[in-house]
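Dear colleague,

I am passing on the structure we spoke about, together with some notes on what turned up when I went through it. Please look at the model first and then read on.

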Amino acid sequence: MRSTLLLLVLLVFCSCKNEPKSDSLSNYFTYNQEDAVESAGVKMIPIKTPVGDFKVWTKRFGTNPKIKVLLLHGGPAMTHEYMECFETFFQREGFEFYEYDQLGSYYSDQPKDSSLWTTERFVEEVEQVRKAIGADKNNFYVLGNSWGGILAMEYALKYQKNLKGLLVSNMVASAPEYGKYADEVLAKQMKPEILAEIRSLEAKKDFNNPRYMELLIPNFYKEHLCRLKEWPDGLNRASKHVNGEIYTLMQGPSEFGISGRLAKWDIKNRLHEIATPTLMIGAKYDTMDPKAMEEQSKLVQNGRYLYCPNGSHLAMWDDQKVFMSGVIRFINDVNDNKL
C-alpha cells in the first residue's frame, strides 16, 4: 500500500514537472506570424535607404520576451551562414535570436548603388531591423563578429538607449591598429619567401590572381581566421556567397590587413561613451590583437573580457566551448542584472 502511494506521488510529481516544459517548448516555437503560411521564422524585413526601399533576410529562432539577440555577420557582405553554430547553443538556453543577412549580402537584396556601403547607413539598417523584431532596451542584445563588431560598436554609440547588452567578437576599435598588428606581428610569423610573394602580388594589385589566395589560405586564413582542419559547412557556404564587390570596397582584397573605405575607421577614443554592459571577445591566434580586445573591455563603462586561448578570428568555431560558455554566461548575467 505504502509503495503504491509513493508511486502515485512520483507519477503526479513527474507529470507536473513535465507539463511546464512541454508548454514552454510549444510557446518557444510559436512565431505568431500574421501570414497563414509558416516559414520557419524566415522574414524579409523592409528597409528604407536614401536611394530607395529594399528587403533584408532574417530568420528568427524561438520566443523569449526577455532575451532577443541579433547576430551581425562579418565581411562586410559575408552571410549569416558562418554563424549558424549559434543555433545549437542559443536554442538550448531558450534565447530568442535572429540570423540576418545585411543589405548587399547573398540572401538579402543586392542594390548596386555604392553610396549605400557606409557604416552610418548600416547602423540605420540595424535600427530598422530592431524595430521590426520588436526588441527594446529591456531585451535587445547585439552580437557582432569582425565587421559585425564594427557595426555593433557604431550602433551602440548612436542607439545604446535601445540596447540591453553589447557583444563584440574579435574586432578591435581601430582599423589602423588592425592593419599595424597584421604588418608588424602576424606577417612576421610567415616564412619570408611566402610573405615576399604575397607582398609582390599586392604591390601589383594582382588580387584576382589565383596564386594570391593559394598563398593566403594555408599561410594566413588557416592560421588566423579558422584553425579547424576541416572548415565548417556554414563557413564554406558563406565564403562562396560573399559579395566581393562590397567586401573589397569596404575591407580591401583580403583579411590580411585593411585597405578599403574602413581603413581609417577608429572609434577607440569614443568607447568611454558606451555604458551598455559590453563583452569584448579576443583570441590567441586572431587577426586582431587579443590584448587590444582586453583593453577595450576596460575602456567601456561596464565591460567584461572573454579570452579564447585556442581560438582565432572565428573562435566561435575553433574554441567553441570557451567562446559559447562565455557568451551565454554574459547574456544571462546581464539578464539577471549581475553586470
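**Helix α10 and its surroundings**

The buried residues of α10 pack against α4 (147–159), β6 (165–169), α5 (175–186), β7 (278–283) and β8 (303–308). The model is a predicted one, and what follows should be read with that in mind. In helix α10, which runs over residues 290–299, the buried residues are P290, A292, M293, Q296 and S297. They cover an arc of only 155° around the axis, which puts them on the same side of α10. On the other side of that helix, K291 and K298 are exposed.

Helix α2 (residues 86–93) can be described in a similar way, with F86, F89 and F90 buried. These three span an arc of only 90° around the axis, and therefore they sit on the same side of α2. An α-helix has 3.6 residues a turn, so residues three or four places apart point the same way. Just after α2 comes G94, which takes a positive phi of about 80°.

**Confidence**

How far can the model be trusted along the chain? The average pLDDT of the protein is 92, and 92% of the residues score at least 70. Over residues 4–20, however, the pLDDT is below 50, and beyond near neighbours in sequence this stretch has 0 contacts in the model.

**Pocket and cavities**

The largest pocket, if you are thinking of looking at open space, has a volume of about 530 Å³. It is lined by 25 residues, of which M78, Y221, V242, Y247 and E255 are the closest to its centre. Helices α7 (210–225), α8 (233–241) and α9 (244–250) each supply at least two residues of this lining, and α7 gives the most, with 4 residues. Sorted by class, the lining of the largest pocket has 13 nonpolar, 11 polar and 1 charged residues.

As for enclosed space, a search of the whole structure finds 2 cavities of 30 Å³ or more. The largest cavity has a volume of about 70 Å³, and its lining is made up of G75, S146, W147, I150, M171, Y178, Q251, E255, I258, L262 and M288. By class, that lining has 7 nonpolar, 3 polar and 1 charged residues. E255 thus appears both among the residues closest to the centre of the largest pocket and in the lining of the largest cavity.

The second largest cavity has a volume of about 60 Å³, and the residues that line it are Q110, P111, K112, W117, N243, E245 and I246. Its lining has 3 nonpolar, 2 polar and 2 charged residues by class.

**Backbone details worth a look**

G75, which is part of the lining of the largest cavity, is joined to P76 by a cis peptide bond, with omega near -5°. P76 is found in the loop between β3 (68–72) and α2, and A77 lies in the loop between β3 and α2 as well. The phi of A77 is near 75°, a positive value in a residue other than glycine. Is A77 buried or exposed? With a relative accessible area of 3%, A77 is buried, the cut-off for that label being under 20%.

N337 also has a positive phi, of about 60°, although it is not a glycine. This residue is found in the segment after α12 (320–335). At 62% relative accessibility, N337 counts as exposed, because that label applies over 50%.

**A buried arginine**

Lastly, R130 has its place in helix α3 (residues 119–133), and at 9% relative accessibility R130 counts as buried. Which residues does R130 touch, not counting residues up to four places away in sequence? They are A135, D136, F140, Y155 and N162. Of these, Y155 falls within the range of α4 (147–159), the helix named at the start as one of the elements against which the buried residues of α10 pack. By contrast, R130 and L216, which are 86 residues apart in sequence, are 37 Å apart in space, C-alpha to C-alpha.

With kind regards

Technical notes: Residues are numbered from 1 along each chain as its sequence is written. This is a predicted model: local features need pLDDT of at least 70, side-chain atom pairs count only at pLDDT 80 or more; totals for chains, interfaces and linings use all residues. Side-chain values use heavy atoms; hydrogens and water are left out. On a 1 Å grid over the protein atoms alone, a cavity is a set of points where a 1.4 Å probe fits but cannot get out, and a pocket is an open set with protein on both sides within 12 Å along at least five of seven lines; lining residues have an atom within 4 Å of a point. Grid points are joined across faces, edges and corners, and a volume is the space filled by probe spheres set on the points. Ala, Val, Leu, Ile, Met, Phe, Trp, Tyr, Cys and Pro count as nonpolar, Asp, Glu, Lys and Arg as charged, and the others, Gly among them, as polar. Buried means under 20% relative accessible area, exposed over 50%, partly exposed in between (1.4 Å probe, protein chains only). The arc is that of the directions from the helix axis to the C-beta atoms. pLDDT is the predictor's confidence in each residue, from 0 to 100. Contact means heavy atoms within 4.5 Å.
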